[in-house]
Amino acid sequence: MSYQDIRGELIIDDNTFHAKDLRIKFHNSPMKLDTRLEFTDKQARPYDIQFKTSLAQFKIGDFLKELNPKHVPRADGVFDVNFEIFGDVSNLGQWRNELLFNLLIEGRDGVYHLIPANDIMMRSSGTAMVIVGEVVSVLPTSGFGLGIVNRVIHFAKDIDYDFIRMHLVRNKDLNTTIKEFNIVSPELHLIATGEFHLKKIPAYSISP
C-alpha cells in the first residue's frame, strides 16, 4: 500500500485515541480521514467508535489487483468514496458484528464486468478500503438482483458505463440495506436494491 504526504493531528490520552483531520495521498488519490476511539469504563458497550473517510478519484480496481494479482475486480474505473463507521461495541473484537456504517461510491466512465473472469473474493477486514473493494466486487450478485442479472446477461458481459452509484447502509437491526445500485450506460440502465441479513462473525478476544 502506498501512503504519501500524511498531515493531521494525533491525540492520545488514557481513554481516547483520535486521529483528527488527517490528509493523506493514498495510491495517488487525495484521502481525508477522521477516526476516534473512546473508552468509558463500567458500560455495557464501553467502546465508542467514529470513523469517517473520503477518497477522490480512487482507482479501486488497480488497488485490488495490487493486493491480489489473481483477483479480477468487477469494476474498472475511477471512484469517489465516502465511508462512515460508527457505534458502540462491547469488545473491540465485536466491531464487525455491532458497528453501523454508511457507504457511498460514485464513478464515471468505466467498465463494469457483469460476468467476472473468476469468483475469488478477497477476505480481509484489515482496512476500510478492502471493505469498499469487496462491495464493488460482489454487487449486484450474492443474494440480490439475481433475476435482473439473468435478464441482462443476454445483452452484455462488460458494461461500458457513463455513471455508477452504490449506496449501502447498515441499520440498527444490523442488516445491510442496498439503498441504491445504479449503472447508466448508452445501452443499459441497471437499477437494483436489496438487503443482506446479519450473520455473526466469531469475535476476537480483545478487552481493556
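## Rings, charges and a surface patch

In this predicted model, ring pairs join F26, F58 and F63 into a cluster. Let's look at other contacts too.

Q: What kind of aromatic pair do F83 and F101 form?
A: The structure holds seven aromatic pairs, and F83 with F101 is one of them. A pair of rings is described by the distance of the centres and the angle of the planes. Here the centres are 6.1 Å apart and the planes meet at 65°. Planes over 60 degrees apart count as edge-to-face, so the F83–F101 pair is edge-to-face.

Q: How many residues apart are F83 and F101, and which strands hold them?
A: F83 is buried, and so is F101. Their pair links distant parts of the chain. F83 sits in strand β5 (residues 75–89) and F101 in strand β6 (residues 100–113), 18 residues apart.

Q: Is I12 buried or exposed?
A: I12 is found in strand β1 (residues 3–12). Together with L10 and F17, I12 forms a nonpolar patch on the surface, with about 310 Å² of accessible area together. Exposed means over 50% relative accessible area. Because I12 has 59% relative accessibility, it counts as exposed.

Q: Which parts of the structure does the K65–D76 salt bridge tie together?
A: A nice place to look next is the charged side chains. K65 and D76 meet in a salt bridge with an N to O distance of 3.9 Å. The pair ties together parts that are eleven residues apart in sequence, because K65 lies in helix α1 (residues 60–67) and D76 in strand β5.

Q: Where does D21 fall on the scale from buried to exposed?
A: The side chains of D21 and R23 meet in a salt bridge, at 2.5 Å from N to O. R23 has 30% relative accessibility and counts as partly exposed. Values from under 20% are buried and over 50% exposed, with partly exposed in between. Since D21 has 42% relative accessibility, D21 counts as partly exposed.

Q: What is the distance between the closest N and O atoms of R165 and E106?
A: R165 is partly exposed, with a relative accessible area of 21%, and E106 is partly exposed at 27%. R165 forms a salt bridge with E106, and their closest N and O atoms are apart by 2.2 Å.

Q: Which residues are linked with R165 in a network of salt bridges?
A: A search of the whole structure finds six salt bridges. R165 lies in strand β7 (residues 158–170) and E106 in strand β6, 59 residues apart. The residues linked with R165 in the network are E106 and E180.

Definitions and conventions:
Residues are numbered from 1 along each chain as its sequence is written. This is a predicted model: local features need pLDDT of at least 70, side-chain atom pairs count only at pLDDT 80 or more; totals for chains, interfaces and linings use all residues. Side-chain values use heavy atoms; hydrogens and water are left out. Patches are made of residues with over 30% relative accessible area and no salt bridge: like charges are joined within 9 Å, nonpolar side chains (Val, Leu, Ile, Met, Phe, Trp, Tyr) within 5 Å. Accessible areas come from the Shrake-Rupley method with a 1.4 Å probe; for residues, only the protein chains shown count as cover. A salt bridge is a side-chain nitrogen of Lys or Arg within 4 Å of a carboxyl oxygen of Asp or Glu. Helices (H or I, at least four residues) and strands (E, at least two) are DSSP runs, numbered from the N terminus. Buried means under 20% relative accessible area, exposed over 50%, partly exposed in between (1.4 Å probe, protein chains only). Rings of Phe, Tyr and Trp (its six-membered ring) pair if their centres lie within 6.5 Å; planes under 30 degrees apart count as stacked, over 60 as edge-to-face and the rest as tilted.
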